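Okay, thanks for letting me jump in. I'll put the sequence and the structure up, and then we'll walk through them together.

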Amino acid sequence: MKIIDYPDRELMALSLADRLASELSETLRMQGHASLCLPGGTTPGPVFDTLSGVDLDWAKVAVFLNDERWVPEDNPRSNTALLRARFLRGPAAAARLIPLYAAAPTPEDRLDELTAGITPHLPISVLLLGMGADMHTASLFPGADRLAQALAPDAPALMALRADAAGEPRITLTARVLKAALRLHILITGADKRAAIERAASLPLEQAPVRAVLSHATIHWAE
Ligand SMILES: O=C(O)[C@H](O)[C@@H](O)[C@H](O)[C@H](O)COP(=O)(O)O
């Protein structure tokens with residue numbers, strides 16, 4: 001596992017945004033289009049603030065979340081709302097948002113159409129993930145109802161999952177799709193997540209779902 005330690009969160013956000021921008025720019029140069037997959041939650045906002053201001057051919061970039069909480073955008077827990085507020089602005093407003101939510105009572109109701117939207121943009125060119133102190137990443141939570149299937153090599157691209165720790169139902173990219181990303185970064189802060197990610201390497205996958213991507217990832221950490 002490759003961990004980069006930063007002296008503080010601000011420097012980490014600047015440096016990581018710069019790195020993601022270079023990787024996107026290289027992908028655009030090589031293949032003319034790129035996909036960027038981003039986490040929700042409370043940690044990535046400062047990275048989004050910087051990355052969204054970078055001068056790139058954003059119109060050729062498809063952006064989607066790692067996972068979404070099954071709530072409408074006017075709910076403060078909506079990851080899509082976070083993306084709109086902190087990422088899809090300035091130059092990055094030209095990027096194409098591929099939705100992981102559509103109004104319906106459950107994620108299963110819209111799973112097929114959301115999967116069809118994502119599939120043309122795989123494999124992911126540049127993937128940024130977060131992680132919880134319980135070692136979940138995306139919405140691959142320990143104890144989730146369909147975790148084994150979401151970690152399996154033949155999993156569909158997108159699944160609906162439920163877990164006590166998750167709150168509302170979730171929709172998430174599966175481990176197969178996350179692992180196949182061409183560039184993979186994990187962004188974490190604080191001593192508890194640092195200890196958790198180091199511990200994850202030696203735990204069974206179902207107890208530490210983040211382990212599915214650890215060998216492919218560069219981890220970015222600041223206190
Ligand atoms: O919707 C979500 O919750 C996420 O996409 C999730 O996987 C997140 O990255 C981690 O839970 C870390 O969240 P924090 O950054 O809030 O600690």
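I'll go through confidence, then the two sheets, then the core and a couple of helices.

So, first thing: this is a predicted model. The mean pLDDT of the protein chain is 98, and 100% of its residues reach 70 or more. For the complex, the predictor gives an ipTM of 0.96 and a pTM of 0.98.

Let's start with the seven-stranded sheet. It's open, the pairing is parallel, and if you read across it you get β1-β10-β9-β6-β2-β3-β5. The edges are β1, residues 2–5, and β5, and each of those pairs on one side only. What packs on this sheet? That would be α1, which touches β2, β3, β6, β9 and β10. Its direction makes about 155° with that of β6.

Now some of the pairings, if you want to click along. β6 and β9 run parallel and are joined by four bridges; look for Leu128, which stands opposite His185 in β9. On to β9 and β10: five bridges there, again parallel, with Ile186 opposite Ile219 in β10. Out towards the β5 edge, β3 and β5 pair in the parallel sense over two bridges, and Ala62 has Arg96 in β5 as its bridge partner.

How covered is β9? Mostly: six of its seven residues are buried.

Okay, the other sheet. This one is three strands, open and antiparallel, in the order β4-β8-β7. β4, residues 67–69, and β7, residues 158–161, are the edge strands. Neighbouring strands here are turned by 20° against each other on average, ignoring direction. β7 and β8 are joined by four bridges, and one pair to find is Leu161 opposite Arg170 in β8. There's a helix on this sheet as well: α4, residues 111–118, packs on it and touches β7 and β8, with its direction at about 145° to that of β7.

Next, the core. The largest nonpolar core has 67 residues, and the ones with the most contacts inside it are Leu127, Leu129, Leu178, Val210 and Val213. Which element gives the largest share of this core? Helix α1, residues 9–31, with six residues. If you zoom in on Leu127 and leave aside neighbours within four places in sequence, its contacts include Leu178, Leu184 and His185.

Last bit: two helices with a clear inside. In α7, residues 191–200, the buried ones are Lys193, Ala196, Ile197 and Ala200. And yes, a lysine is on that list. Why do they end up on the same side of α7? Because they cover an arc of only 95° around the axis. The face turned away from that buried side carries the exposed residues Ala191 and Ala195. As for what covers the buried residues of α7, that includes β9, α8 and β10.

α3, residues 79–86, works along similar lines: Asn79, Thr80, Leu82 and Leu83 are buried. Their arc around the axis is only 160°, so they sit on the same side of α3. Those buried residues pack against β2, β3, β4 and β5. Now, β4 belongs to the three-stranded sheet, whereas β2, β3 and β5 belong to the seven-stranded one, so do have a look at α3 with both sheets displayed.

That's me done, happy to rotate things.

Methods. Residues are numbered from 1 along each chain as its sequence is written. This is a predicted model: local features need pLDDT of at least 70, side-chain atom pairs count only at pLDDT 80 or more; totals for chains, interfaces and linings use all residues. pLDDT is the predictor's confidence in each residue, from 0 to 100. A nonpolar core is a set of buried Ala, Val, Leu, Ile, Met, Phe, Trp, Tyr and Cys residues joined through C-beta atoms within 7 Å. A residue is buried if 20 or more other C-beta atoms lie within 10 Å of its own, exposed if 12 or fewer, and partly exposed in between; C-beta atoms are placed from the backbone. Two residues are in contact if their C-beta atoms, placed from the backbone, lie within 7 Å. Two strands pair if DSSP finds at least two bridges between them. Axes are lines fitted to C-alpha atoms, for helices over the stretch in contact, and angles run from 0 to 180 degrees between N-to-C directions. The arc is that of the directions from the helix axis to the C-beta atoms.
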